[in-house]
Amino acid sequence: KSKARVYDEDRPGTRFADIAGYEGSKAEVMEVVDFLKHPARYDRAGAVGPKGVLMVGPPGTGKTLLARAVAGEASVPFFSLSGSSFVEMFVGVGASRVRDLFADARKRAPSIIFIDEIDAIGGRRGPGGFGSNDEREQTLNQLLSEMDGFEPGARVVVMAATNRAEILDAALLRPGRFDRTVEIPLPSYVERAAILAIHARGKTLAPDVDLGVAARGTPGFSGADLANLVNEAAINAVRADRGVLTAADFEAARDRLLIGRRDASNALL
Ligand code: ATP
């Protein structure tokens, strides 16, 4: 039987400084970094460290980035997988992959496990609909029992991301499982400007570029959209055979992205 890995392992170099804004979210996950680096402090007080952190927010708001930054700041290995990659597996395989993943992460502890789109396996169970899917249920049960099975001293923290927290099985949110929730909303105006500045690093901006103006014109954009905006502006400069990005490049990029969104929403009608 195939033993193809469904998860990746790496050692992120990502830091909190790579994430613009979201100071509150960073402060909340800082505790995980602290636990992975100084477990003795928890032992001394007889405290059980954080086990699971659920990050909730719209697509592209930097949930993966935040999880990677936790691993980077703690300098620990990062095991990541996507919940949706389990959905198409044969019965029994999903559960055994979860077992392998946790076994590997424990071997390499201290470590972080990151599960993107956890709703694909952790959506509410019960009769009818998608919830009666056997495979998914077994995978979820395996995940729950792995999280319950950590010995008190195990330095493995599971971070998971979803944009639909309301459909998650309540069993996931019980104490000792995902007992912390961090909200990652769309960025504010000030955060958008800061995200644009991070992605403009290393690029040459013409004097007429005002990132505050670009931020004003992009309400509803996620961090991923803003990263894309800066890159599109740079591509616009390339097309004009320039190395310097102008305000007009940013405007053209924004227009292109907004038209892309309008087309996407038309397609839903
Ligand atoms: P999804 O839910 O779609 O998986 P996500 O919330 O995990 O998205 P990421 O993949 O972490 O989002 O973000 C995508 C990219 O957007 C990042 O790699 C980064 O380039 C940029 N980005 C998002 N948020 C920020 C931020 N606060 N600061 C800097 N860059 C950001």
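Biologist: Which kind of ligand atom lies 2.9 Å from a polar side-chain atom of His-199?
Modeller: The model is predicted: local features need pLDDT of at least 70 and side-chain atom pairs pLDDT 80 or more, while totals for chains, interfaces and linings use all residues. Residues are numbered from 1 along each chain as its sequence is written, and side-chain values use heavy atoms, with hydrogens and water left out. A polar contact is a pair of N or O atoms within 3.5 Å. In the contact of His-199, at 2.9 Å, the ligand atom is a nitrogen.

Biologist: How far is a polar side-chain atom of Asp-116 from an oxygen atom of the ligand?
Modeller: The backbone also takes part, since a polar backbone atom of Ala-20 is 3.0 Å from a nitrogen atom of the ligand. Asp-116 uses a side-chain atom, and its distance to the ligand oxygen is 3.4 Å.

Biologist: What percentage of the ligand's accessible area does the protein cover?
Modeller: On its own, the ligand has 640 Å² of accessible area, computed by the Shrake-Rupley method with a 1.4 Å probe. The part covered by the protein is 77%.

Biologist: Which residues come nearest to the ligand?
Modeller: The shell (residues with a heavy atom within 4 Å) holds 17 residues. By class, eight are nonpolar, six polar (Gly included) and three charged. The helices α3, α7 and α9 each supply at least two residues of this shell, a helix being a DSSP run (H or I) of at least four residues and a strand a run (E) of at least two. The nearest are Gly-60, Lys-63, Thr-64, Leu-65 and His-199.

Biologist: Which space does the ligand take?
Modeller: A pocket is an open set of points on a 1 Å grid over the protein atoms alone, where a 1.4 Å probe fits, with protein on both sides within 12 Å along at least five of seven lines; lining residues have an atom within 4 Å of a point. A molecule sits in one if more than half of its atoms lie within 2 Å of its grid points. The ligand takes the largest pocket.

Biologist: How much space lies in the largest pocket?
Modeller: Its lining has 18 residues, with Thr-61, Gly-62, Leu-65, Ile-195 and Gly-223 nearest the centre. Two or more residues come from each of α1 (23-37), α3 (63-74), α7 (189-200) and α9 (223-239). The volume, that of probe spheres set on the grid points, is about 240 Å³.

Biologist: Which element gives the most to the lining of the second largest pocket?
Modeller: This pocket holds about 160 Å³ of space. Its lining has six nonpolar, two polar and four charged residues, and includes Asp-208, Phe-250 and Arg-254. With four residues, the element giving the most is α10.

Biologist: What is the approximate phi of Glu-117?
Modeller: Most residues other than glycine have a negative phi, and most peptide bonds are trans. The bond from Ala-109 to Pro-110 is cis, and Pro-110 lies in the loop between α4 (93-107) and β4 (111-116). Glu-117, in the loop between β4 and α5 (119-122), has a positive phi, near 50 degrees.

Key: A polar contact is a pair of N or O atoms within 3.5 Å; within protein, one must be able to donate a hydrogen and the other to accept it, and residues adjacent in sequence count only if both atoms are side-chain atoms.
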